[in-house]
Amino acid sequence: MCGEQRIYLASPYSSNEQSVREYRYRIALEFTSAHLTHGRTIFSPIVNGVSLSGTGNHLWGFVHWKDYDLSFLKYWATELWVLCLDGWKESEGVQREIRMAEELNLPIKRMEVLS
(Lines give C-alpha, C1' and ligand atoms only; values in the text may rest on other atoms or scores of the structure.)
Protein backbone atom coordinates (compact mmCIF):
# COMPACT_ATOMS: atom_id res chain seq x y z
CA MET A 1 0.00 0.00 0.00
CA CYS A 2 2.98 2.29 0.19
CA GLY A 3 2.46 5.35 -2.00
CA GLU A 4 -1.05 4.25 -2.98
CA GLN A 5 -3.77 6.89 -3.28
CA ARG A 6 -6.57 6.11 -0.79
CA ILE A 7 -9.53 8.46 -1.11
CA TYR A 8 -12.07 9.17 1.61
CA LEU A 9 -15.19 10.64 -0.03
CA ALA A 10 -17.08 13.09 2.16
CA SER A 11 -20.60 13.93 1.03
CA PRO A 12 -23.79 15.19 2.66
CA TYR A 13 -26.53 12.72 3.44
CA SER A 14 -28.84 13.75 6.28
CA SER A 15 -32.10 15.43 5.42
CA ASN A 16 -35.66 15.43 6.69
CA GLU A 17 -36.71 14.47 3.16
CA GLN A 18 -36.27 10.86 2.11
CA SER A 19 -36.02 11.87 -1.57
CA VAL A 20 -33.01 14.09 -0.75
CA ARG A 21 -31.30 11.28 1.18
CA GLU A 22 -31.96 8.85 -1.69
CA TYR A 23 -30.59 11.34 -4.24
CA ARG A 24 -27.44 11.98 -2.19
CA TYR A 25 -26.88 8.25 -1.72
CA ARG A 26 -27.39 7.53 -5.44
CA ILE A 27 -24.92 10.24 -6.51
CA ALA A 28 -22.32 9.08 -3.96
CA LEU A 29 -22.81 5.49 -5.14
CA GLU A 30 -22.42 6.40 -8.82
CA PHE A 31 -19.38 8.59 -8.10
CA THR A 32 -17.71 5.90 -5.97
CA SER A 33 -18.46 3.18 -8.51
CA ALA A 34 -17.08 5.25 -11.40
CA HIS A 35 -13.81 5.85 -9.56
CA LEU A 36 -13.50 2.20 -8.52
CA THR A 37 -14.01 1.26 -12.17
CA HIS A 38 -11.09 3.53 -13.06
CA GLY A 39 -8.84 1.75 -10.57
CA ARG A 40 -8.96 4.25 -7.72
CA THR A 41 -9.16 3.08 -4.10
CA ILE A 42 -12.05 5.04 -2.61
CA PHE A 43 -14.17 4.77 0.53
CA SER A 44 -17.55 6.45 0.82
CA PRO A 45 -19.02 6.38 4.31
CA ILE A 46 -22.44 7.13 2.80
CA VAL A 47 -22.33 4.23 0.35
CA ASN A 48 -20.91 1.91 2.99
CA GLY A 49 -23.19 3.03 5.81
CA VAL A 50 -26.46 3.07 3.89
CA SER A 51 -25.69 -0.36 2.46
CA LEU A 52 -24.88 -1.80 5.87
CA SER A 53 -27.96 -0.19 7.42
CA GLY A 54 -30.04 -2.57 5.32
CA THR A 55 -28.58 -5.42 7.39
CA GLY A 56 -29.90 -3.96 10.63
CA ASN A 57 -26.67 -2.19 11.56
CA HIS A 58 -28.49 1.16 11.63
CA LEU A 59 -29.18 0.21 15.23
CA TRP A 60 -25.57 1.07 16.02
CA GLY A 61 -26.53 4.74 16.01
CA PHE A 62 -24.79 7.93 14.99
CA VAL A 63 -21.93 7.72 17.50
CA HIS A 64 -20.86 4.31 16.20
CA TRP A 65 -21.02 5.41 12.55
CA LYS A 66 -19.14 8.64 13.28
CA ASP A 67 -16.28 6.81 15.01
CA TYR A 68 -16.26 4.02 12.42
CA ASP A 69 -16.19 6.42 9.46
CA LEU A 70 -13.63 8.79 10.93
CA SER A 71 -11.28 5.88 11.65
CA PHE A 72 -10.99 5.41 7.87
CA LEU A 73 -10.09 9.06 7.47
CA LYS A 74 -7.60 9.01 10.33
CA TYR A 75 -5.86 5.67 9.81
CA TRP A 76 -6.42 4.74 6.16
CA ALA A 77 -6.96 7.72 3.84
CA THR A 78 -4.22 9.60 2.07
CA GLU A 79 -6.58 12.35 0.90
CA LEU A 80 -10.09 13.68 1.31
CA TRP A 81 -12.42 14.38 -1.59
CA VAL A 82 -15.53 16.43 -0.86
CA LEU A 83 -18.51 15.73 -3.10
CA CYS A 84 -20.00 19.21 -3.41
CA LEU A 85 -23.69 18.34 -3.53
CA ASP A 86 -26.24 20.86 -2.27
CA GLY A 87 -25.90 20.94 1.49
CA TRP A 88 -22.21 20.07 1.80
CA LYS A 89 -21.34 23.42 3.38
CA GLU A 90 -24.09 22.99 5.99
CA SER A 91 -23.41 19.31 6.69
CA GLU A 92 -21.97 18.82 10.19
CA GLY A 93 -20.48 15.51 9.10
CA VAL A 94 -18.74 16.91 6.01
CA GLN A 95 -17.41 19.89 7.96
CA ARG A 96 -16.10 17.57 10.69
CA GLU A 97 -14.38 15.43 8.03
CA ILE A 98 -12.78 18.53 6.49
CA ARG A 99 -11.51 19.71 9.89
CA MET A 100 -10.02 16.29 10.62
CA ALA A 101 -8.34 16.13 7.20
CA GLU A 102 -6.85 19.59 7.85
CA GLU A 103 -5.57 18.43 11.26
CA LEU A 104 -4.01 15.39 9.57
CA ASN A 105 -2.53 17.55 6.79
CA LEU A 106 -4.30 15.48 4.14
CA PRO A 107 -4.84 17.00 0.71
CA ILE A 108 -8.46 18.09 0.21
CA LYS A 109 -10.14 18.20 -3.20
CA ARG A 110 -13.59 19.57 -3.85
CA MET A 111 -15.39 17.56 -6.50
CA GLU A 112 -18.27 18.99 -8.51
CA VAL A 113 -20.94 16.66 -9.85
CA LEU A 114 -22.62 17.37 -13.14
CA SER A 115 -26.12 15.96 -13.11
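**Close-ups of a predicted model**

**View 1. The whole chain, element by element.** Starting at the N terminus, the elements of the protein follow the order β-α-β-α-α-β-α-β. That comes to 4 helices and 4 strands. Keep in mind that this is a predicted model. The protein has 115 residues, and 37% of them count as buried. Take the contacts with a separation of 6 or more: 71% of these link residues 24 or more positions apart. On the outside, the protein exposes about 7000 Å², with carbon and sulfur atoms supplying 52% of that area.

**View 2. Inside the largest nonpolar core.** This core holds 16 residues, and Y8, L73, L80 and V82 have the most contacts inside it. Who chips in? β1 (6-10), α3 (61-75), β3 (79-83) and α4 (92-103) each bring at least two residues to this core. The largest share, 4 residues, comes from α4.

**View 3. Zooming in on L80.** Which residues does L80 touch, once its neighbours within four places in sequence are set aside? The list runs Y8, A10, L73, E97, I98, A101, P107, I108 and K109. Apart from the core of View 2 lies another core, this one with 12 residues, including I7, L9, A28 and I42.

**View 4. H35 and its contacts.** Look for H35 in helix α1, which spans residues 18-37. Is H35 buried or exposed? H35 counts as buried because its relative accessibility is 13%, and the cut-off for buried is under 20%. Skipping residues up to four places away in sequence, H35 touches R40, I42 and W81. You may recognise I42 from View 3, where it appears among the residues of the 12-residue core.

Note on methods. Residues numbered from 1 in each chain as written. Predicted model: local features only at pLDDT ≥ 70, side-chain atom pairs only at ≥ 80, totals over all residues. Heavy atoms only, no water. Core = buried A, V, L, I, M, F, W, Y, C linked by side-chain atoms within 4.5 Å. Buried < 20%, exposed > 50% of the residue type's maximum accessible area, 1.4 Å probe, protein only. Contact = heavy atoms within 4.5 Å. Areas by Shrake-Rupley, 256 points an atom, 1.4 Å probe, with all protein chains shown as cover.
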